[in-house]
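Open the model in a viewer and keep a selection panel at hand. The stops below go from one selection to the next.

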Amino acid sequence: MGKPLTDGMANRLSDEDLLAVITEGRSGTGMAGWGDSFSDEEIFDMATYVRALQGKAGLNLADDNAGISDDPAVLAGEDVFNGRAGCVNCHTYRDQGGSVGPVLDGLSGRLPAAALSEALLNPSASIVSGFGAKIVEQEDGTQIVGRFRNDSELAVQLQSSDGRRWVTFFKDRVKLIIDSTESLMPDVYASLNALEQQQLLAFLNSL
Ligand code: HEC
């Protein structure tokens, strides 16, 4: 027999965690995950049913953009994007976010699925035009990497990879300025768990 769904434990789970328990199961408890057998919608319905048994109105997932999507996977993916994965530090969507990487509005329309997974899994394989990085090596040997912004006869300007500063380097005062073959985008996607990756993809595909 399973634990009653109305016990304190299930009551205290956040809606996101409840969805995760149903989707992934719970290790060490014999509760299997249902993510492979049911669609996101069906899992959402199950979680809503659990809340009904607990006498609650339904699921209340965090949503800064009410009305834009009510798909729980998309909303959870948006949380991953803005939270744990930190994508929003470099990418803007719906007018919020950073400017080191490309704006992601309309992404699903312009990037086929294969190109999207390559952009996430292997960012340096092909670098979006205009978003390349340069490496400046200073006289003392320290290297600075940033998004290449401007070039003139006298100076080169880089945006720091956290996006916060634009720094000008005078060409006659540095040792070397070279194009980087590495993307400024870190390998964060690979470090997410399978559910987070799936949610993040659902969110990106909604853009
Ligand atoms: C430190 C900054 C940074 C972070 C953090 C970052 N990216 Fe990027 N991203 C970039 C840059 C710069 C590019 C463009 C260069 C390239 O093609 O790799 C890019 C490219 C992309 C592209 C390809 C866009 C296009 O128009 O083809 C996608 C999709 C993307 N990032 C998604 C993400 C997601 C999702 C996350 C979070 C898991 C993330 N990025 C985290 C900097 C970042």
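Helices here are DSSP runs of H or I with at least four residues, numbered from the N terminus. The model is a predicted one.

**Stop 1: the end of helix 2.** Select Gly25, the residue that follows helix 2. Its phi is positive, near 80°.

**Stop 2: helix 2 itself.** Now select residues 15-24, which make up helix 2. Which residues of helix 2 are buried? They are Asp15, Leu18, Leu19, Ala20, Ile22 and Thr23. To see what covers these buried residues, add helix 3, helix 4 (72-82) and helix 7, which are among the covering elements.

**Stop 3: the domains.** Colour the protein by its domain assignment: residues 8-53 form domain 1, residues 72-126 together with 185-205 form domain 2, and residues 133-180 form domain 3. Between the C-alpha centres of domain 1 and domain 2 the distance is 25 Å.

Next, display the contacts between these two domains: seven residues of domain 1 meet four residues of domain 2. On the domain 1 side, helix 2 and helix 3 (40-53) each supply at least two residues. Helix 2 gives the most to that side, with five residues. By class, the domain 1 side that touches domain 2 holds three nonpolar residues, one polar residue and three charged residues.

**Stop 4: the ligand.** Select the ligand and the 27 residues around it. Which of them come nearest? Cys87, Cys90, Gly101, Ser183 and Met185 do. Two elements give two or more residues to this shell: helix 6 (113-121) and helix 7 (194-205). The most comes from helix 6, with three residues. Colouring the shell by class shows 21 nonpolar residues, six polar residues and no charged ones.

**Stop 5: strand 5 and its partners.** Select residues 133-138, which are strand 5, and residues 143-151, which are strand 6. The two run antiparallel and are joined by five bridges. Within this pair, Lys134 of the model stands opposite Gly146 in strand 6. Four residues lie between the strands of this hairpin, and Gly141 takes a positive phi near 95°.

Then add strand 9, residues 174-179. Strand 5 pairs with strand 9 in the antiparallel sense, over five bridges. For a single bridge to inspect, label Val136 and its partner in strand 9, Ile177.

Note on methods:
Residues are numbered from 1 along each chain as its sequence is written. This is a predicted model: local features need pLDDT of at least 70, side-chain atom pairs count only at pLDDT 80 or more; totals for chains, interfaces and linings use all residues. A residue is near a molecule or strand if its C-beta atom, placed from the backbone, lies within 6 Å of it. Ala, Val, Leu, Ile, Met, Phe, Trp, Tyr, Cys and Pro count as nonpolar, Asp, Glu, Lys and Arg as charged, and the others, Gly among them, as polar. Two strands pair if DSSP finds at least two bridges between them. Domain bounds come from an automatic or database domain assignment. A residue is buried if 20 or more other C-beta atoms lie within 10 Å of its own, exposed if 12 or fewer, and partly exposed in between; C-beta atoms are placed from the backbone.
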